[in-house]
Amino acid sequence: MNLALLLLILNLFVGVFSKEALKPNVVNVGAIFSFSTTNGRVAKVAMKAAENDINSDPSILGGKKLSITLHDSNFSSFLGIIGALQFMETDTVAIIGPQSSGMAHVLSHLANELHVPLLSFTALDPGLSPLQFPFFVQTAPNDKFQMTAIAEMISYFRWAEVIAVFNDDDQNRNGVITLDDELAGRRCRISYKAVLPPDPTATSSDVRRELTKIQMMESRVIVLHTFSGTGLLVFEVAKSLGMMGKGYVWIASTWLSTVLDSTSPLKPETAKSIRGALTLRPHTPDSKKKRDFISHWNQLSRGSIGFNPYGLYAYDTVWMIARAVKLLLDQGGNISFSNYAHLADAGGMDLNLSALSIFDGGKQLLKNIIETNVTGLTGPVRFDQDRSRINPSYDVINVVKSGYRPVGFWSNHSGLSIMPPETFYGKKPNRSSLNQHLGSVVWPGGGTRPRGWVFPNNGRQLRIGVPNRVSFRDFVSIVNGTDKVQGYCIDVFLAAIKLMPYAVPYRFIPFGDGLKNPSYYELVSKINSGVFDGAVGDIAIVTDRTRIVDFTQPYIESGLVVVAPVKRISLSPWSFARPFTPFMWAVTAAFFLIVGSVVWILEHRINDEFRGPPRQQIVTILTFSFSTMFFAHRENTVSTLGRLVLIIWLFVVLIINSSYTASLTSILTVQQLSSPIKGIDSLISSSEPIGFQVGSFARSYLIEELNIPRSRLIALGSPEEYAEALEKRTVAAIVDEQPYVDLFLSEHCEFSVRGQEFTKRSWGFVSYLMLFFPFFPSAHFGISSRLSVSH
């Protein structure tokens with residue numbers, strides 16, 4: 001009995017000892033960075049500080065020690081891969097890094113196979129999808145949000161085109177692709193992409209070659225998405241080329257803010273070369289823990305490097321791993337590794353792949369990391385369903401002579417504002433353009449906000465599309481057999497060009513086959529696609545078009561009207577009866593009798609003039625009432641009510657008399673025209689065919705807005721076809737714009753406009769966000785916002 005009990009106790013002790021043996025006393029974490037870079041040096045200090053803080057509290061890992069091993073990849077993806085393999089050979093539970101996205105794409109495949117989570121706060125390529133790389137976690141907001149912030153800044157300042165300068169690597173390339181997408185959603189675009197060799201291999205000659213090209217281009221808004229080495233080189237060369245003066249706009253991604261924060265003071269020549277630039281800095285909410293950490297930074301770094309926000313993300317990333325490991329152990333998990341079965345297929349190779357093993361608790365550790373919900377130095381540490389950090393936000397910084405100053409903030413919740421993003425998190429998101437604000441900016445070279453473009457020095461003329469019309473050529477036409485363009489619209493354009501304070505090189509390009517009027521919607525689309533720089537002609541300002549292009553202020557009013565045949569009404573002996581309808585005559589006569597009867601009832605008891613035999617009283621009623629029409633009644637009223645009724649009736653008689661006189665005068669002096677079509681309402685209610693101009697917006701308006709069947713609509717190509725169709729009654733009426741109708745009626749007096757203009761339209765010139773027609777104010781935020789479908 002005692003022997004059996006002793007064996008049971010021994011078995012329990014051995015089981016417990018075996019379990020404890022599976023739990024090592026050291027938790028190994030690797031870190032892969034280029035430690036000669038600004039962010040690498042900052043991350044090294046912050047990670048070691050987090051390691052010390054975690055190890056100083058035994059309750060965090062249950063007495064175990066966290067050990068962070070650093071590996072310097074020295075800008076080499078190959079060395080980064082070697083470092084990752086070394087970590088995975090030594091039972092590492094997680095790796096912080098790598099620093100670059102290119103390396104992250106490679107190492108993420110290893111992490112997927114060996115179940116070792118990779119956590120990076122600098123490899124922020126939007127292309128690193130959690131669906132493809134489930135074991136890669138970005139612990140800082142990725143570049144999608146940074147590019148969105150830059151796009152909203154460009155839209156806020158109303159610049160139409162930008163030039164992107166970037167290193168040819170995964171992170172910067174994919175960031176610019178994301179920027180292009182974000183700009184397109186705001187009706188802006190990247191006009192040129194200047195590609196530089198990967199950092200730090202770019203040379204001054206590489207940069208000078210690209211910047212010289214940019215100098216010859218229209219856009220003066222330059223987005224610089226590189227790493228710090230290349231970025232500072234670009235600014236240095238730009239300064240030497242005179243590209244940091246008035247008219248230029250430079251927007252740098254977060255690399256510039258890290259230089260400003262961590263390198264103090266800057267070299268005088270560097271400070272001058274970046275003056276006036278805008279940049280972003282990851283925003284972290286203010287807190288006591290954050291202030292305490294920053295206050296000890298010099299002591300932690302021993303003055304070797306200045307603080308920047310990525311130090312906070314490095315610190316929080318280490319704590320994220322530590323808390324996830326603690327939770328793994330509390331859940332009964334083990335830090336254990338097993339052989340990778342697929343490595344047997346690599347037999348015969350000299351590589352020591354057998355040392356690589358799968359982290360058994362990797363999936364649970366990853367799950368714990370993703371479900372982190374704490375408050376760290378960077379604020380709330382939590383991931384959304386897309387595995388992005390919640391509440392991504394940035395400070396907008398302007399480089400000035402004395403250093404830099406904040407001009408606002410951007411957050412995914414509230415957009416651009418001058419208030420910290422956290423003040424809006426408790427409110428409903430409101431990203432409308434009216435609520436976007438930034439403070440004043442000191443631009444390169446000083447002065448007011450640059451317009452963002454110039455006419456290029458490469459001699460390219462503006463390509464102005466002109467509709468090649470076959471009808472109503474008085475407005476715009478191409479002279480047969482020549483390149484000459486003429487017409488009213490062209491005259492307005494040329495008059496505006498003469499008012500320009502500088503020369504505007506341009507050339508007209510006909511649009512259309514010359515056989516029929518071209519589609520104006522296709523003409524506008526050619527501007528959006530870059531075939532034309534602008535368009536001049538009889539082009540209506542409409543909502544559908546203002547979504548893709550911009551218009552000048554209108555230079556002529558134009559709306560839809562109805563034209564129909566009319567018949568002249570000749571005078572007759574009975575013309576005096578035409579001012580009133582038969583019903584009106586009957587009502588007027590009835591009121592005369594009623595008023596006479598009412599006055600007789602009120603007066604005959606007290607007024608002798610309303611007494612007498614019945615026949616006399618009837619005659620009195622009739623003569624009294626009808627004589628009031630001419631104010632010639634002889635009978636006096638003595639009762640108060642009788643006089644009140646008479647006064648009211650005399651006022652009514654005055655109105656009837658005046659209306660009759662005016663109408664009869666008009667009938668006798670003005671030529672009278674009649675038509676069964678009274679306006680658009682009577683045209684809609686009929687079932688007769690309706691004509692419209694080929695290529696005009698009238699067809700779509702009648703179908704989509706007025707619900708007129710397509711079968712009733714007949715296309716007509718010229719004023720001659722208009723006249724023929726109306727004379728032969730092929731159509732009951734024609735619906736067209738007022739300027740065309742005025743020109744048509746000047747030669748065809750047998751037709752007339754029926755009813756009122758039933759839409760409000762205007763014509764304007766077209767460009768892409770007013771980039772080429774600055775001499776006219778934009779109508780996009782004016783009248784065009786209340787217009788609907790046209791041509």
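Visitor: Which residues are linked with Arg186 in a network of salt bridges?

Guide: Glu152 and Glu182 are. Together with Arg186 they make up the network. Keep in mind that this is a predicted model.

Visitor: How many salt bridges does the structure hold?

Guide: The structure holds 22. To read one, look for a side-chain nitrogen of Lys or Arg within 4 Å of a carboxyl oxygen of Asp or Glu. Take Arg173 and Asp168: their closest N and O atoms are 3.0 Å apart.

Visitor: Are those two partners buried or exposed, or in between?

Guide: In between. Arg173 is partly exposed, at 29% relative accessibility. Asp168 is partly exposed too, at 34%.

Visitor: What is the N to O distance between Lys367 and Glu371?

Guide: For that salt bridge it is 2.8 Å. Lys367 has a relative accessibility of 41% and counts as partly exposed. Glu371 is partly exposed as well, with 48%.

Visitor: Which residue does Glu724 meet in a salt bridge?

Guide: Lys728, with N to O at 3.0 Å. Here the exposure classes need a cut-off: exposed means over 50%, and partly exposed lies between that and 20%. Lys728 is at 57%, so it counts as exposed. Glu724 is at 41%, so it counts as partly exposed.

Visitor: Now the surface. Which residues gather in a patch of negative charge?

Guide: Asp474, Glu720, Glu721 and Glu747. Start with Glu720, which is in helix H24, residues 719–727. Glu720 is exposed because its relative accessible area is 55%.

Visitor: Where is the place of Asp474?

Guide: In the loop between strand E18 (462–467) and strand E19 (477–478). Asp474 counts as exposed, at 53% relative accessibility.

Visitor: Which residues is Asp474 in contact with, leaving aside its neighbours within four places in sequence?

Guide: Gly487, Tyr488 and Leu743. Look at Tyr488 in particular. It stands 14 residues from Asp474 along the chain, and the two C-alpha atoms are separated by 6.4 Å.

Visitor: What about a nonpolar patch on the surface? Which residues form it?

Guide: Leu641, Leu644, Ile648, Phe651, Val652, Leu654 and Ile655. Together they have about 660 Å² of accessible area. To place the patch, take Leu641: this residue lies in helix H21, residues 640–669. Leu641 counts as exposed because its relative accessibility is 54%.

Visitor: On to the backbone. How should I read omega and phi?

Guide: Begin with what is usual. Most residues other than glycine have a negative phi, and most peptide bonds are trans. Then look for departures from that pattern.

Visitor: Which residues does a cis peptide bond with omega of about 0 degrees join?

Guide: Gly97 and Pro98. Pro98 has its place in the loop between strand E3 (94–96) and helix H5 (101–114). Another cis bond runs from Asp199 to Pro200, with omega near 5 degrees. Pro200 lies in the loop between strand E7 (189–196) and helix H8 (204–215).

Visitor: And phi? What is the value for Phe75?

Guide: Near 65 degrees, which is positive in a residue other than glycine. Phe75 is found in the loop between strand E2 (65–72) and helix H4 (77–89). Its side is neither fully covered nor fully open by class: Phe75 is partly exposed, with 39% relative accessible area.

Visitor: Where is Asn391 found?

Guide: In the loop between strand E14 (379–381) and strand E15 (393–400). Asn391 is not a glycine, yet its phi is positive, about 55 degrees. Its relative accessibility is 35%, so Asn391 counts as partly exposed.

Visitor: Let me step back to the whole chain. How many helices and strands are there?

Guide: There are 25 helices and 33 strands.

Visitor: What share of the residues is buried?

Guide: Of the 791 residues in the chain, 51% are buried. The accessible surface comes to about 36800 Å². Carbon and sulfur atoms own 57% of that surface.

Visitor: Contacts can link distant parts of the sequence. What percentage join residues at least 24 apart?

Guide: It is 72%, counted among contacts between residues at least 6 apart in sequence.

Note on methods:
Residues numbered from 1 in each chain as written. Predicted model: local features only at pLDDT ≥ 70, side-chain atom pairs only at ≥ 80, totals over all residues. Heavy atoms only, no water. Patch = residues over 30% accessible without salt bridge, like charges linked within 9 Å, V, L, I, M, F, W, Y side chains within 5 Å. Areas by Shrake-Rupley, 256 points an atom, 1.4 Å probe, with all protein chains shown as cover. Lys, Arg positive; Asp, Glu negative; His and termini not counted. Charge placed at Lys NZ, Arg CZ, Asp CG, Glu CD. Helix = DSSP H or I, 4+ residues; strand = E, 2+ residues; numbered from the N terminus. Buried < 20%, exposed > 50% of the residue type's maximum accessible area, 1.4 Å probe, protein only. Contact = heavy atoms within 4.5 Å.
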